Amino acid sequence: MAYDRVLAAIACARRSVWIAQLGFDADCVAYTERHGAVALASVLADRAATTPVDIRILLNATLLLDTTRSLRRFFETGHPRRGRIRVRGVSHFPHLLHAKMVIVDGTEAFLIGSPFANGYWDDREHRPSDVRRPMRELDGRPLHDVSIRIAGRAVRDLESIYDELWSERAPRPRVSRDSLCVVRTAPARVLAHSPAGATDILKALLKGIGQARSLIYIEHQYLSARPIVAALASALKREPRLEIIIVTNQNADITAYRDWQNDRLREHALLSHPRVGLFTLWTAAPCTRRPGMTLLNQIFVHSKVVTIDDRWATVGSANLDGVSLHSYGDDFRGPIGWWIFRDVRNFDVNIVLGGEMASSVADLRVRLWHEHLHIPVFALAEQPPEGWLTRWRARARENVATLRDGTISANDCGMSGFILPYSTRATPTRQLADLGVPVDRARIDLLFDPSWIQVHLSPNWVRNMFA
């Protein structure tokens, strides 16, 4: 759905299309609801060939990830154009350009959830197996992600940040308001006009959490940032009625994150806190080729969403880890790791919603919960007297019972939504065993079941970065 909106905006562009991405594979295909399979790079080439649009693509270009040369070759080979397509790399190793933006004509913008790579595509059905998702990036796991469309004055701020990175010159003064504002992270001692860098996203998150009264909802790829987890623990002590609901990955794509995340949750007693619910996403479906067999897979959570009390939210590219917020070194356990990585900080951009945008915050939460829980929208609008966690835990128990009690057939609905309780165990097999769901290979085909090496050394992540 996000791709449909982005492609529609590009198709109507008259002046400019500015893109910032961690990575952009020349063969990336978006499967859209309206147009079917669409090659993103070809869409841009076709647009440039028919309309004199200023197309700029700004990509991370460091030792760890660089798709600039292959994309530039694609545009330079056999693609006539009247407009301009310029591809430029941001090379400030070890700091990554992690921000993901599409800005069209200076009037409409999108903060994109995922890089433009085939393994990061999925639809809302999150099928356990889909030939449109290659194994390369995420071992074929379904993906859940969130993008956001922005219009109005905040687009000017995004343009200014983009121009700052493209030209490395000072940004214009911010014009967005408190109800919808742009915040960013930038490394220190990299941009000449901003020697201290920026940690605006961390400051916004800490302020939002500090104002929480009834509900904090977190849907994130990682949860390893020490200041954030400490702030959550403080909020629980401050507000006796506060509930915290967290949806995140049990098996991150980078080895260290699983241990870091579990360490933080244990340190602040969030794993067992009665007002904290930790959940993860799974998907199940009958196997059409083998009757009696259930296909089961983890869904990789790539979202970066925090909502608070249905009145404040932030969405964007920043993970809840040190490198997206303030310092990668702060995530490490020992002093050596802290010292080596203490100054590493990515370029990230988020949008913060509040004030007059409170209705949009509530709508975002309800839409996400409707997808995860398969509970009607009208039943998710008002908090029940017993609190939200009761409903989440009840749904998770139902899904555990469904997986434990029998095979999912083509005639039933399978799991209700996608949530299961979070487990700190290392592998999907052991995570399911924690829930009392034995992986009987005669009836369950567990599609993502990494080996010890995959869990502890992340060879796929290393391969993807250096390929």
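**View A. Pro94 and its cis peptide bond.** In this predicted model, Pro94 sits in the loop that runs between strand S6 (84-90) and strand S7 (101-104). Look at the bond leading into Pro94: from Phe93 to Pro94 the peptide is cis, with omega near 10 degrees. For background, most peptide bonds are trans.

**View B. Arg189 and His374, two loop residues with positive phi.** Most residues other than glycine have a negative phi, so these two spots are worth a check of the backbone. Arg189 comes in with phi near 60 degrees. Its place is the loop between strand S11 (180-186) and strand S12 (198-199), and Arg189 counts as exposed because its relative accessibility is 59%. His374 has a positive phi too, about 55 degrees. The loop holding His374 links helix H10 (358-373) and helix H11 (388-405). With 45% relative accessibility, His374 is classed as partly exposed.

**View C. Asp321, a buried acid without a salt bridge.** Asp321 is in the loop between strand S19 (312-316) and helix H8 (322-325). Although buried, Asp321 has no salt bridge. The nearest side chain of opposite charge belongs to Lys304, 7.9 Å away, and a salt bridge would need a nitrogen of Lys or Arg within 4 Å of the carboxyl oxygen. What Asp321 does have is a polar contact of 2.7 Å with the side chain of Tyr257. Leaving out residues up to four places away in sequence, Asp321 touches Tyr222, Ser224, Ala225, Tyr257 and Asp331.

**View D. The salt-bridge network around Arg127.** Side chains of opposite charge can pair when their charged atoms come close. Here, salt bridges link Asp123, Glu125, Arg127, Asp130 and Arg132 into a network. Within it, Arg127 pairs with Asp123, and their closest N and O atoms are 2.8 Å apart. Both partners are partly exposed: Arg127 has a relative accessible area of 28%, and Asp123 has 22%. For the wider tally, the whole structure has 26 salt bridges.

**View E. Arg333 and Asp263, a salt bridge across the sequence.** The side chains of Arg333 and Asp263 meet at 2.7 Å, N to O. Arg333 lies in the loop between H8 and H9 while Asp263 is in helix H7 (residues 255-267), so this pair ties together parts that are 70 residues apart in sequence. As for accessibility, Arg333 is exposed at 55%, whereas Asp263 is partly exposed at 23%.

**View F. Arg311 and Asp309, a salt bridge with a buried acid.** Arg311 and Asp309 join their side chains in a salt bridge of 3.6 Å, N to O. Arg311 is partly exposed, with a relative accessible area of 32%. Asp309 is at 16% relative accessibility and counts as buried, because the cut-off for buried is under 20%.

**View G. A nonpolar surface patch that includes Trp339.** Ile336, Trp338, Trp339 and Ile340 make up a nonpolar patch on the surface, and together they have about 490 Å² of accessible area. Trp339 belongs to helix H9 (residues 335-341). Trp339 is exposed, at 53% relative accessible area.

**View H. Met1 and its contacts.** Met1 is in the segment before helix H1 (2-11). Skipping neighbours within four places in sequence, Met1 is in contact with Glu33, Arg124 and Arg367. Gly322 is another story: Met1 and Gly322 are 321 residues apart in sequence, and their C-alpha atoms are 30 Å apart in space.

Definitions and conventions: Residues numbered from 1 in each chain as written. Predicted model: local features only at pLDDT ≥ 70, side-chain atom pairs only at ≥ 80, totals over all residues. Heavy atoms only, no water. Patch = residues over 30% accessible without salt bridge, like charges linked within 9 Å, V, L, I, M, F, W, Y side chains within 5 Å. Areas by Shrake-Rupley, 256 points an atom, 1.4 Å probe, with all protein chains shown as cover. Helix = DSSP H or I, 4+ residues; strand = E, 2+ residues; numbered from the N terminus. Buried < 20%, exposed > 50% of the residue type's maximum accessible area, 1.4 Å probe, protein only. Lys, Arg positive; Asp, Glu negative; His and termini not counted. Polar contact = N/O pair within 3.5 Å; in protein donor to acceptor, adjacent residues only side chain to side chain. Contact = heavy atoms within 4.5 Å.
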